[in-house]
Amino acid sequence: MVNLTSKSGFLLMGFSDDHKLQVLHALLFLVIYLLALTGNLLIITIITLDHRLHSPMYYFLKHLSFLDLCFISVTVPQSIANSLMDSGYISLGQCILQVFFFIALASSEVAILTVMSYDRYVAICQPLQYETIMNPSVCRRAVIAVWMAGALSGLMHTTVNFSIPLCGERVIHQFFCDVPQMLKLACSYEFMNEIAVAAFTSSTAFICLISIVLSYIRIFSMVLRIPSAEGRTKVFSTCLPHLFVVTFFLSAAGFEFLRPPSDSPSAVDLMFSIFYTVIPPTLNPVIYSLRNEAMKAVLKKVLSKDEFSQRKMYFKAMFKL
């Protein structure tokens, strides 16, 4: 164990004290991280390059992929490095940055999922007004609001959390600086401000969840009126992936943050943290690609030999210029 008496950082316990298991964990996380990077970068590239996907739905999807890319990069690389070096130490500065970006990106993800559900509601329930309501200016302002809301949430949590005096050992039973685990290190009755901030954030997330649920109630009631089976299938192919992502992310995160912290952390605690920190950014590209016909068509075109040759010739011409 790292000697923390002369250091201001924390000790992340991670998954195991056995170095062989730590290396195995690092390799597994590395594979998952590379898959997440590849999938999200592919979605960002495809949406950027193909003009047929320059619509509000794919504009928001591109930002969701970028959020996922950043979100998984906040925790996983640090965990991989700690496992390979057989050291769970993280400095105070690194921990502060990790908490800020983790909370900010998680809050932004909830916000953009809410915006995406509203976009689907307008597209399906008010198709004649869709281009007017979801015009480019509105979409840009919505994305700016998403990032600002996330940054504000991260700033509030970080400021309050790191102003709390710590009375226990600086040992965190997680593979990253997890706020609920850090609150266990606080002195008695000294973390009421953090609870107030957490309550405010939870209330905001609950409002987002209610907005998403109401949007999909209206969407499904409208879809059931569509006489064409092909039309219903087309709507479901764009809505079900988003609904699955929202349900998975919010349920896992909500369970982890709302339940009381355990005095004896177990493998179950670590598994639930993986469910909302690692799995969603990795699965989101797969879910949106496999269930979305437009994405599949563009992906096949991009990966085809003819398209690849055209792109290659285009870039050669650009470099010659």
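**Reading the helices and core of a predicted model**

Modeller: Let's start with a kink: H2 bends by about 35° at serine 73, and a proline, proline 77, follows within four residues. The bend at a residue is the angle between axes fitted to the seven residues ending there and the seven starting there. This is a predicted model, in which local features need pLDDT of at least 70, side-chain atom pairs count only at pLDDT 80 or more, and totals for chains, interfaces and linings use all residues. Residues are numbered from 1 along each chain as its sequence is written, and side-chain values use heavy atoms, leaving out hydrogens and water.

Biologist: How many helices and strands does the chain have?

Modeller: Helices (H or I, at least four residues) and strands (E, at least two) are DSSP runs, numbered from the N terminus. Here there are 12 helices and 3 strands.

Biologist: What span should helix H2 have?

Modeller: Multiply 1.5 Å by one less than the number of residues. Helix H2 covers residues 56-84, so its 29 residues should span 42 Å, and the end C-alpha atoms are indeed 42 Å apart. Just after H2, aspartate 86 takes a positive phi of about 55°.

Biologist: Is H2 mostly covered or uncovered?

Modeller: Buried means under 20% relative accessible area, exposed over 50%, partly exposed in between (1.4 Å probe, protein chains only). In H2, 21 of the 29 residues are buried, while for the 321 residues of the chain the buried share is 43%.

Biologist: Which residues have the most contacts inside the largest nonpolar core?

Modeller: Such a core is a set of buried Ala, Val, Leu, Ile, Met, Phe, Trp, Tyr and Cys residues joined through side-chain atoms within 4.5 Å. This one has 75 residues, and those with the most contacts inside it are Phe60, Leu61, Leu113, Cys177, Ile219 and Val278. Helix H3 (residues 92-125) gives the most to the core, with 16 residues.

Biologist: What does isoleucine 219 touch?

Modeller: Contact means heavy atoms within 4.5 Å. Leaving aside residues up to four places away in sequence, isoleucine 219 touches Ser117, Arg120, Tyr121, Ile124, Cys125 and Cys239.

Biologist: Where does serine 153 lie, and is serine 153 buried or exposed?

Modeller: Serine 153 lies in helix H5 (residues 136-161). Serine 153 counts as buried because its relative accessible area is 7%. With residues up to four places away in sequence again left out, Ile103, Ser107 and Thr201 touch serine 153.
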